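User: I am new to this structure and would like a close look at one part of it. Please start with one sheet and work outward from there.

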Amino acid sequence: MLALAFMFSVSAAHAVWHSDEQAIMGTRVSVTLWHDDPAVAQRLAAQVMTEMRRIDNTYSPYKDSSDLSLMNREAPERSAANPLTISPEMTRLLDKALYYGRLTDGAFDITFASLARYYDYRAGTQPSDSQREQLLPAIDYRHVKLDKAAHTVYYTQPQVYVDLGGIAKGYAVDRAIALLHEAGVQHASVSAGGDSRVLGDRHGRPWVVGIKQPRGAEGVAIKVPLNDSAISTSGDYERFFIGAEGERIHHIINPRTGKSTDELASVSIIGPDGFDTDALSTSVFVLGAAKGLALIDKLPAFDAILITRAGKVAYSRGLAPPE
Ligand code: AMP
Ligand code: MG
């Protein structure tokens with residue numbers, strides 16, 4: 001017993017929490033992990049950042065050389081007879097995104113950007129009425145024809161433009177956690193903006209992820225203790241500007257109207273992996289409280305915490321106190 005305790009304290013004396021934070025994917029990417037060997041910990045954290053950069057370089061709509069930009073240039077020109085070949089990873093991303101398009105009856109729709117690409121949140125500008133009229137019909141995920149087995153795609157409409165911003169960060173945190181898990185790490189936390197995933201616990205205590213206060217000063221509205229889970233938060237405070245009538249114009253778009261939604265201020269989804277929690281947080285944001293909670297209550301692996309614009313908090317059934 002004594003010997004064991006001694007051994008533990010020796011190894012624990014070398015093991016440390018190692019953290020790194022960098023600006024990638026237009027947000028803060030951070031990693032915290034526990035490892036016996038500080039040099040290995042540092043190397044693994046660097047590998048996480050390299051993987052995050054790779055994902056950004058591959059799926060950013062802002063980089064002309066990304067696979068996404070290439071797809072958006074080529075796929076509208078292609079057809080069933082001559083589809084564009086894409087990578088197995090792009091196939092997985094599109095397949096998951098189209099699945100959420102079907103599940104939410106188009107509330108989650110990666111073609112939202114056919115019109116929404118003409119919002120500039122920094123400059124505070126939005127698409128004109130004629131752009132809206134012309135491009136709204138191009139928003140429909142069913143325009144994206146994916147052949148999963150063949151790894152090919154084409155768009156059925158020339159003006160379709162895909163953006164994976166609602167799902168890529170969740171995928172990225174999953175990739176990071178997988179990389180750490182395969183390297184033998186048992187305790188880690190990775191986040192990319194509003195998408196976080198934790199591996200194991202924080203040495204006998206749960207990880208605690210904060211849901212931001214949607215308005216006012218920086219602050220945490222709700223603390224969520226988590227082990228071995230993912231949490232994604234979508235918020236109307238992340239990218240927005242205030243329009244001429246004082247309205248908040250933000251980055252989560254209702255595909256039916258091409259405009260940002262105005263019921264919820266923040267949606268957090270908790271579940272086993274970030275790929276799904278990310279898509280679901282954006283989906284529930286668009287669906288609104290009633291339809292969004294009804295969807296989450298049908299999915300046993302997921303829970304939701306909503307904050308309305310009026311500041312009211314609502315929980316999915318799995319988090320509600322017993323009646
Ligand atoms: P998140 O913070 O994960 O909710 O992602 C928000 C991002 O999702 C936005 O910045 C857009 O890139 C993208 N997005 C906005 N509206 C939609 C939508 N209706 N369906 C899918 N993606 C969307
Ligand atoms: Mg999301």
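In what order do the 3 strands of the open sheet stand, and is their pairing parallel or antiparallel?

Analyst: The order is β3-β5-β4, and the pairing is antiparallel. Strands here are DSSP runs of E with at least two residues, helices are runs of H or I with at least four, and both are numbered from the N terminus. Two strands pair if DSSP finds at least two bridges between them.

Two notes on the model come before the details. It is predicted: local features need pLDDT of at least 70, side-chain atom pairs count only at pLDDT 80 or more, and totals for chains, interfaces and linings use all residues. Residues are numbered from 1 along each chain as its sequence is written, chains are lettered from A and ligands numbered from 1 in the order in which they are written, and side-chain values use heavy atoms, with hydrogens and water left out.

Back to the open sheet. Its edges are β3 (84-85) and β4 (144-147). Each of these has a single partner strand, so one side of each is left without a neighbour in the sheet. Strand β5 covers residues 152-155. It meets β3 over 2 bridges, in the antiparallel sense. One residue pair can be picked out by eye: Thr-85 has Thr-152 in β5 as its bridge partner. In general, strands of a sheet pair through backbone hydrogen bonds, either parallel or antiparallel.

The loop between β4 and β5 deserves a stop. His-151 is found there. Its phi is near 55 degrees, a positive value in a residue other than glycine. How covered is His-151? It counts as partly exposed, at 25% relative accessibility. The classes work like this: buried means under 20% relative accessible area, exposed means over 50%, and partly exposed lies in between (1.4 Å probe, protein chains only).

Met-25 invites a look beside His-151. It too is not a glycine, and its phi is positive, near 60 degrees. Met-25 sits in the loop between β1 and β2. Its relative accessible area is 17%, so Met-25 is buried.

That loop belongs to a hairpin. β1 and β2 form it with 2 residues between them, and Met-25 lies in the turn. Strand β1 spans residues 16-24, and 9 bridges join it to β2. The two strands run antiparallel. Within the pair, Ala-23 stands opposite Arg-28 in β2.

Now move to the far end of the numbering seen here, at strand β16. It runs over residues 303-308. How many of its residues are buried? The count is 6 of 6, so to speak a strand that is mostly covered. In a regular strand the side chains alternate between the two faces of the sheet. Both faces of β16 are covered. On one side Asp-303, Ile-305 and Ile-307 are buried. On the other side Ala-304, Leu-306 and Thr-308 are buried.

β16 has pairings to follow on screen. Strand β15 (residues 264-271) pairs with it over 6 bridges, in the antiparallel sense. There, Ile-270 stands opposite Asp-303 in β16. Strand β17 (residues 313-315) also pairs with β16 in the antiparallel sense, over 3 bridges. Here Leu-306 has Ala-314 in β17 as its bridge partner. β16 and β17 make a hairpin with 4 residues between the strands. In that hairpin, Gly-311 takes a positive phi near 90 degrees.

Last comes the metal site. Which protein atoms are donors of the magnesium ion (ligand 2)? They are Asp-278 (O), Asp-278 (OD) and Thr-282 (OG1), at 2.0 to 2.3 Å from the ion. Donors are N, O and S atoms within 2.8 Å of the metal (3.2 Å for Na, K and Ca); water is not among the atoms, so sites may look incomplete. Asp-278 and Thr-282 both lie in helix α8, residues 274-287. They are 4 residues apart, about one turn of the helix. Asp-278 is buried, and Thr-282 is buried too.
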